Structure formats: C-alpha cells, structure tokens
Amino acid sequence: MRTLLFFFLTVILFFSRSFGQTNPNDKQIMDSLLQNDEALKMFNSYNKPTSYFRINIGAGNKLYSSQNNAIESLQSNNPLVISPTVAYYHKSGLGISATGFLLNENNKTDFYQYSVSPFYNYTKGKIARASLSYTHYFEKDIYSPHTSPIQNEFYGSFVFKKPWLQPGISAGYSSGTYHEIINIDTIVRVANQRVHIKYIDSITARISSFSVAGTLEHSFIFYKIFSGKDGVIFVPQFSFITGINTFHVSHRSTIANYNSFTKKLSKRIRHFQSQESNNAKYEAQSIGLDLDLNYSIGIFYVEPELYLDYYLPKTNDTRFTQIFNVNIGITF
C-alpha cells in the first residue's frame, strides 16, 4: 500500500512540475481546442455548459454503487461485470442515466440487475461545484450473491474550485434488503453423542448506511497527446471516510441454530461482523485513493478508474479492497 501511494504521489508531482506552467503559445492552442473540439468543451463545462448524450460500455468488478466509495468498499465478491450505460446531461445541470449489469453466474450469462439514476450537477459557480443524485437498483434475482444489497442510494458532493489541491466533502445514505440461503449439513457431538444437523436457513438482511467523506483532489488536463484534437484529464482523489452501517437480520430457522451451526455471518457484505446491529457505531471507516483518467478524441473516449480502499476498524476480512472499471463510449 505504501509503495503504491508513493508511486502515485511521485507521478502527480512529476506531471504538476512538467505541465504546471504554459507559455502564451500553449495557452492559445488550448483556447483554440476548447472552442473547436466538442469533447474538450465538455471538459471545460464548468464555464461553458452544454447538453449532450453519453453511451458507453464498461468492464470491471464494480457492482454496489455508482459513486459512493463507502458502499463500494463493502463489496465482498469480484466478478467480471459488463455494464452498458446510456446517460443524458442537460446544460441546466439536470440529467439521468440507466445502466445494466451483465455477468456470468452458474454458467449462465444474463443481466442480473439494473439501475436508474436522476442527478443534478452544479458547475457554473466560480468558487465551488456540487452534485446530487439518487440511484435505484432493480434486482432480477434477490438471492444471487452478485446483486447489490442496496436498492436506494442518495449521494451528494461539494468541491471547492479555487485551491490547486481542491478540498471537498461528500455524504451518502443507502438502504436495501437482500436475501441469502444457507444449507447446513453437519454432524456435531452433543452429550457424547453424534447428532446429524441438517436444515436450510433463509436469511433476510436489511441494511442502512450513512457516510461522510472528506476529499482532496486535483484535475490534471493535457492536450494534443496524439493529435491536435485529443486530450486527457487525470483526477486523483484522496478520501477519508466516516460513517455507520447497520444490519438487521431475520432467519427462517432459529437464531440459536444459526449461531451454533452456520458460522457464516454474510456472504454479500464485507466487514459484517464489526458492523452488525449489536456493534454498529459512527466511526472512521476507511481511507481511499480514487484514480480516474479520461482520454477523449473527437466524440470518443476511454475512461479507466481504480479505487483503492483500506478499512480501519477491527475486522476478520482483508482490509484492502480494489474496485476497477474501464468505460469506452461516445459523447454527442
């Protein structure tokens, strides 16, 4: 983790030193690009907002949240997910997006969940920018371990524009219900006798999560990478996440049987043991590094993203989480 952070900090400092100053000729080229290239106009949409559509297809292991890193860090499995998305961005800041999640489970490839997200982005201000969104997830199979345990997600962020290293704050509230089926077939010793225990436990878990994160980020913008009409935006963002996650679990079988023989608190959620209803408290949850890069040429773009999360409270799970996604799409 330290090596990775040192590497990215070194890269950031190198680029900031190399590209931090521009001469008048470079400034004129940049202004010309911003006036003539549609993709770079959208890069500079803080000052020149415009309406546009985006259609893309993504590949990665991102399942639980489109924006909230606090929810993403709870993801317990890492299947390869193909996620086509259609979105409309109005110049007023309003927009809506729809995404399908295609993955393979039990030798069957299908769309196991969908999401719809209306949103509002405020980018016209000179001091700060803000965003607010609501996402609803539709699950096709409520028992599938790959579908999101979250059905409703509210998320907002606020970032100051003025400083070179831009501070911000984000908050999210998520809620949902998920189901699991556990088959128990074991032999235990009771009063010096071997007893065969066999039963099926159907679990219903209700989750709610509230998080607040402080962030620091900077946008590095480079032009004329391979041609006169392309550009790159690289945005590293550091975050410190606090919050509380609560779970209420009910069983078809008895809780005594569940505690005695199952010994599996949850397959769907990481760090479940330290966050179940008896232990839940508001606390520092994790530190994260989000790396987002967008390369655009004309109406086409490629956008890889990597989120690295280190969980802080006591846990029986691995503290380190890696969530990645690569989008390829068009903007028009």
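**Entry 1: the cores.** I began with the largest nonpolar core, meaning buried Ala, Val, Leu, Ile, Met, Phe, Trp, Tyr and Cys residues joined through side-chain atoms within 4.5 Å, where buried stands for under 20% relative accessible area with a 1.4 Å probe and protein chains only; of its 15 residues, L63 and I269 touch the most other members. Two or more residues of this core come from each of the elements β3 (94–105) and β8 (193–217), strands here being DSSP runs of E with at least two residues, numbered from the N terminus. Apart from this core I found another, of eight residues, including F222 and Y295.

I noted that this is a predicted model, in which local features need pLDDT of at least 70 and side-chain atom pairs count only at pLDDT 80 or more, while totals for chains, interfaces and linings use all residues. Residues are numbered from 1 along each chain as its sequence is written, and side-chain values use heavy atoms, with hydrogens and water left out.

**Entry 2: the strands.** I then looked up β11 (residues 283–297) and β12 (residues 300–311), which pair in the antiparallel sense over 10 bridges, where pairing requires that DSSP finds at least two bridges between two strands. Y295 has V302 in β12 as its bridge partner. Two residues lie between β11 and β12 in their hairpin, and G298 in the turn has a positive phi of about 65°. β12 also pairs with β13 (residues 320–331), again in the antiparallel sense, over 11 bridges.

**Entry 3: S97.** Is S97 buried or exposed? I found S97 in strand β3, and S97 is buried because its relative accessible area is 17%.

Methods. Buried < 20%, exposed > 50% of the residue type's maximum accessible area, 1.4 Å probe, protein only. Helix = DSSP H or I, 4+ residues; strand = E, 2+ residues; numbered from the N terminus.
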